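Work through the three exercises below. Try each task before reading its solution.

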Amino acid sequence: MDNGVSAGSTASTSTLGNIALGLTLLAFGGHTGVIDGVSAANSVSLAMYVGGAALFLLGLLEYRGGNGFNGTAFAGLGIFWFTWAKGAGASVSDEAAGTFLVLFAMLALTLTVAAASGLFSQGVYGLLTLSLVLLAIGSFMDSGGLAKAGGWVAAVSGLLAWYGATAALAHWPMAVGKSRRGAVAAS
């Protein structure tokens with residue numbers, strides 16, 4: 001950690017928030033069926049506590065630190081994950097589940113458009129938007145194939161969020177550009 005970054009700073013809460021978002025999205029990617037016997041329902045505890053409670057708390061800390069974007073992103077997505085986890089296994093109609101996903105896809109779309117930190121954040125939130133839309137349509141149409149595609153997109157979004165947080169902690173490159181010798185280099 002940088003000497004200029006205190007434990008309660010928005011830089012550290014942003015990094016932790018992105019790790020929490022990444023891990024939750026990776027677990028939510030259980031829709032993919034890649035690991036035999038693991039489904040999205042297996043991620044309920046992680047979604048409730050890491051994606052829900054922790055992200056919501058980190059969102060409040062971001063607001064307190066003056067970062068309205070991350071405050072909105074983390075608190076809003078914390079509400080999504082907590083609500084999703086509490087409703088998992090409940091008997092709701094496919095239309096109600098699809099509507100829930102559409103509403104939070106709208107939040108994810110807002111975050112995609114408002115991401116000021118560039119293409120990296122827009123990629124995370126854009127993929128999350130696409131994932132939620134695919135899952136919503138899959139719910140409306142009772143399509144396991146669309147749910148699986150939505151899970152894959154969520155997993156890729158989770159990997160991107162996780163990489164971004166890890167790169168911030170490890171001071172890895174986040175942008176790719178051309179070096180003077182013509183090789184691809186981090187900038």
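**Exercise 1: a buried acid**

Glu62 sits in helix α2, residues 44–64; helices are DSSP runs of H or I, at least four residues, numbered from the N terminus. The model is predicted: local features need pLDDT of at least 70, side-chain atom pairs need pLDDT 80 or more, and totals for chains, interfaces and linings use all residues. Residues are numbered from 1 along each chain as its sequence is written, and side-chain values use heavy atoms, without hydrogens and water.

Task: state which side chain of opposite charge is nearest to Glu62, and what polar contact Glu62 makes.

Solution.
- Glu62 is buried and has no salt bridge. Buried means under 20% relative accessible area, with a 1.4 Å probe and protein chains only. A salt bridge needs a Lys or Arg side-chain nitrogen within 4 Å of an Asp or Glu carboxyl oxygen.
- The nearest opposite charge is Arg64, 11 Å away. Lys and Arg count as positive, Asp and Glu as negative; His and chain ends are not counted.
- The side chains of Glu62 and Thr13 form a polar contact of 2.4 Å. The cut-off is 3.5 Å between N or O atoms, one able to donate a hydrogen and the other to accept it.

**Exercise 2: a serine in α5**

Task: is Ser139 buried or exposed, and which residues does Ser139 touch?

Solution.
- Ser139 belongs to helix α5, residues 119–141.
- Its relative accessible area is 12%, so Ser139 is buried.
- Beyond four places in sequence, Ser139 touches Asp94, Ala97 and Gly98 (heavy atoms within 4.5 Å).
- A polar atom of the Ser139 side chain lies 2.8 Å from the backbone oxygen of Asp94.

**Exercise 3: a neighbour in α5**

Task: classify Ile137 by its relative accessibility.

Solution.
- Ile137 is also placed in helix α5.
- Ile137 is partly exposed because its relative accessibility is 35%, between the 20% and 50% limits.

Notes:
Helices (H or I, at least four residues) and strands (E, at least two) are DSSP runs, numbered from the N terminus.
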